[in-house]
Amino acid sequence: MDKKIIAHRGIPTLAPENTMASFNVVVNQDVKWIETDLSITKDEKVFVIHDDKLNRTTNQSGSIETVDSSDVLNADAGYWFAERFRGEKVPTLDQLIDFLNIHKVNANIELKGVVGDNANYLADKLVEKFAEALDNLDDHVDLIISSFNPIMLEKMYKLRPNLKYAVLFSRETLGDDWNLVMQACHAKIVHPDSSGLTQAKLEQMKDYGYEVNVWTVDDVNRAQELLKWGADGIITNIADRMLFLEK
Ligand code: G3P
Ligand code: CA
């Protein structure tokens, strides 16, 4: 079976991360999978952005959960990368879904944890709004929902039990209880950090029957090693240069 080469935030070496420009590069390079991130604003609108603040990737500032959607809609998410990307927007979740449907590209969508005073309420809203939006996703788009946050994954599973779930583990969170976390989340897919991941651990994941997609691997030799050990996919910032590893 083909291996998955998953474009982390689009192809952020060629266009500003998590923008339509970056997702268009994925399509133009014939990459089949996009990885991207969701967060929610104070007025409960869902956007495609990695950080919990606007500061690094836009010309606005502030924590996502404390700003209004108008602030995000007005933000320029491209100028910092290169002048020709000035005017790029932070995509909405609905725009992302439309893009996936139109271009028939598959997606690993990560639910970001919410911070701040209203964190639990907004995290629930993020899960609810994501579940509702997915009703508009075409069947031909393959989807993996991932999160570092098992509670959000469990809640999402309750709303949409027929979808595919992946637990994200960092080097620090991949403890002895990792398989219990998988079971609690009804996850069939593991997304471990490449850092510190051993052949024995990866083979254990495969022996338990899980699909394993490793992040974030930008070294071709390391990607080849992980695939040789049995990894099913590689999440990478240089998907265009890893495509030859699909077969
Ligand atoms: O999906 C893997 C990776 O995206 C998780 O880390 O911080 O880049 O979202 P991060
Ligand atoms: Ca991510």
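In the predicted model, Lys104 adopts a positive phi of about 55° just after helix H3. Helix H3 itself spans residues 93-103. Five of its positions are named as buried: Leu93, Leu96, Ile97, Phe99 and Leu100. Viewed down the axis of H3, these buried residues fall within an arc of 160°, so they line one face of the helix. That face packs against several elements. Two are helices, H1 (20-28) and H4. The others are strands: E2 (33-40), E3 (46-48) and E4 (106-111).

Helix H4 (residues 119-134) also packs with helix H5 (residues 150-159). The angle between H4 and H5 is about 35°. Their axes lie 10 Å apart. The crossing of the pair is right-handed. From H4, the contact draws on Ala123, Asp124, Val127, Phe130 and Ala131. H5 contributes Met152, Lys155, Met156 and Leu159. By class, seven residues of this contact are nonpolar and two are charged. No polar residue takes part.

Ligand 1 is surrounded by residues from many points along the sequence, including His8, Glu35, Asp37 and His50. Glu110, Ser146, Leu168 and His191 also belong to the set around ligand 1. Trp215, Thr216 and Ile235 complete the shell. Sorted by class, the shell holds five polar residues, three nonpolar residues and three charged residues. The charged members are Glu35, Asp37 and Glu110. The nonpolar members are Leu168, Trp215 and Ile235.

How values were computed:
Residues numbered from 1 in each chain as written. Chains lettered and ligands numbered in written order. Predicted model: local features only at pLDDT ≥ 70, side-chain atom pairs only at ≥ 80, totals over all residues. Near = placed C-beta within 6 Å. Axes fitted to C-alpha atoms, helices over the stretch in contact; angles between N-to-C directions. Helix = DSSP H or I, 4+ residues; strand = E, 2+ residues; numbered from the N terminus. Left-handed = near helix turned anticlockwise from the far one by under 90°. Contact = placed C-beta atoms within 7 Å. Buried ≥ 20, exposed ≤ 12 C-beta atoms within 10 Å, placed from the backbone. Arc of directions from axis to C-beta.
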